[in-house]
Every structure is written in C-alpha cells, then in structure tokens.
Amino acid sequence: MTMNNDFSDITYNRKSIRVYDENVKIPHEEMLEMLQKSTIAPSSVNMQPWRFVVVESDEEKAKLKPLIRFNTRQNDTSSAMVLIFGDMECYEYGEEIYDQAVAEGKMSQEVRDEQISAIIPYYKNLTREEMNDVVKIDSSLAAMQFMLVARSYGYDTNPIGGFEADQLAEAFGLNKDRYVPVMILSVGKAVETGYNSIRLDVKEFTTFK
C-alpha cells in the first residue's frame, strides 16, 4: 500500500533557527519534561549514555561563547544552549537501570542478573575508540529526539557541531576523559522563519537487495 502523506506542516518538518526571542525563557520544569521525553530514544543495551548541561544564564553563556566559533548568534538569543555529552563510563549506571526494570516488572531478576554479568564486563573491555562510537551514536539519537520534542512544545532548535570539543567538558566542570561532547543544541522561540534546505533524492542513496 502506498501512502501519500504531506509532511510540510507537521512537527517533524523542523527548520534550523539561528535567531530567537531573547525575552522567552524556558521554565526548568518544562525543560526537564522535554529532556525526559528525549530519553525515550533507544540506546545500546539501554545504557543511556547521554548527559545534558543546560546553559541558560548570561554568565554561563559568556563562558560558552568563545568555544562555539561562528555560532554566537544562537548563544546570544536562545533560551538555552543544551550541551550533550556521552558518558564513557555509562555502564556504572547499569545495575541501577536494570534494577529499576525489575522493580517495574519489565524484566525478571534472572534476566537482569544474566544481562548485567555479560554487559558490564563487555563494556569495560571496549577500547576507548569503540566506546566513543557507542556513546556518540546513542547520544545523537537523544539529541534528535529532543529537537522533535522541542518542536512539539512550540520551540525551535539548531544543532551545532562547530565548537572547541577539547575544552567544552572542563569549561563546565566535567571530566573531559569521561564525558565526550557530542553536539550543542540551541533552543528557544524563533523570531525568524528559517529556511528550507534541499535534500537530494533518496533514490540516489538507497539500494534494495
């Protein structure tokens, strides 16, 4: 069956916004709600390696500004800049995650014990490069989820990859060896319409076997 849906006006047709209404501040409760919904995103063996730092005060934005190269307009006008890091030691939360699954009846104790005894040693034995790939992929899924969630709340976002990755964690009090920066998302109420960028035809990049 072929479906002919027009996605032009729905939440998922988001635009990258670089200028926001500086008077709009997102309440902490609402921000936490959006972030919570973002963590519905999948992650490898449910280790949930994403870590969020919400930069919203003038003082902290001033600290961020020299680290984001040519993306300062978003920093100056957005309600917040959400820094997304991947936790290279996310497996430390493995028992807590799986214990909660047991408590909520989503997993038996036996399955929990079997999986934990296999997963934790496996993660600990990954090379730094392998672990880096895992946490960045998983955290990117949460980032995209946040962009969609924010749009459903009436906000717009802009994903930012141009920043000083070697300085970001320490600038905000994180251990740079443990927390690797994935991306920054500006979020707020848009005061510009943004623009629709083109996409090449998917047939160019899809192969059916």
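Select Arg178 to begin: in this predicted model, its relative accessible area is 13%, which is under the 20% cut-off, so Arg178 counts as buried. Arg178 is found in the loop between H7 and E4, and it will serve as the starting point for several of the next selections.

**Around Arg178**

Keep Arg178 on the screen and add Glu92, which forms a salt bridge with Arg178, the closest N and O atoms being 3.4 Å apart. Glu92 lies in the loop between strand E2 (80-87) and helix H4 (94-103), while Arg178 lies in the loop between helix H7 (165-171) and strand E4 (179-188), so this pair ties together parts that are 86 residues apart in sequence. Is Glu92 buried or exposed? With a relative accessible area of 52%, Glu92 is exposed, whereas its partner Arg178, at 13%, is buried.

Now select Asp87, whose side chain is joined to the side chain of Arg178 by a polar contact of 2.7 Å. Add Tyr179 as well, and you will find that its side chain makes a polar contact of 3.4 Å with the side chain of Arg178. To see the wider surroundings, show Gly86, Asp87, Met88, Glu89, Glu92 and Tyr93, which are the residues that Arg178 touches when those up to four places away in sequence are not counted.

Which residues are linked with Arg178 in a network of salt bridges? Select Arg51, Asp87, Glu89 and Glu92 together with Arg178, because these residues make up the network, a salt bridge being a side-chain nitrogen of Lys or Arg within 4 Å of a carboxyl oxygen of Asp or Glu. By this rule, the model has 13 salt bridges.

**Two further salt bridges**

Move next to Asp113 and Arg112, which form a salt bridge with their closest N and O atoms 2.9 Å apart. Asp113 is partly exposed, at 35% relative accessibility, while Arg112 is buried, at 11%.

Then select Lys203 and Asp201, another salt-bridged pair, in which the closest N and O atoms are 2.9 Å apart. Here Lys203 is exposed, with a relative accessibility of 62%, and Asp201 is partly exposed, with a relative accessible area of 38%.

**The largest pocket**

Turn now from side-chain pairs to empty space. Rolling a probe the size of a water molecule over the atoms shows where such space is left. The largest pocket holds about 540 Å³ of space, and to find it you can select Gln36, Thr39, Gln48, Ile97 and Gln100, which are the closest to its centre of the 17 residues that line it. Colour helix H1 (28-38), strand E1 (50-55) and H4 next, since these are the elements that give two or more residues to the lining.

Which element provides the largest share of the lining? That element is H4, with four residues. If you colour the lining by residue type, you should find eight nonpolar, five polar and four charged residues.

**The segment after E4**

For the last stop, select Val191, which is found in the segment after E4. Add Val19, Tyr20 and Asp21, with which Val191 is in contact when its neighbours within four places in sequence are left aside. Finally, draw a distance between the C-alpha atoms of Val191 and Asp156, and the viewer should give a separation of 9.8 Å for two residues that are 35 residues apart along the chain.

Technical notes. Residues are numbered from 1 along each chain as its sequence is written. This is a predicted model: local features need pLDDT of at least 70, side-chain atom pairs count only at pLDDT 80 or more; totals for chains, interfaces and linings use all residues. Side-chain values use heavy atoms; hydrogens and water are left out. Buried means under 20% relative accessible area, exposed over 50%, partly exposed in between (1.4 Å probe, protein chains only). A polar contact is a pair of N or O atoms within 3.5 Å; within protein, one must be able to donate a hydrogen and the other to accept it, and residues adjacent in sequence count only if both atoms are side-chain atoms. Contact means heavy atoms within 4.5 Å. On a 1 Å grid over the protein atoms alone, a cavity is a set of points where a 1.4 Å probe fits but cannot get out, and a pocket is an open set with protein on both sides within 12 Å along at least five of seven lines; lining residues have an atom within 4 Å of a point. Grid points are joined across faces, edges and corners, and a volume is the space filled by probe spheres set on the points. Ala, Val, Leu, Ile, Met, Phe, Trp, Tyr, Cys and Pro count as nonpolar, Asp, Glu, Lys and Arg as charged, and the others, Gly among them, as polar.
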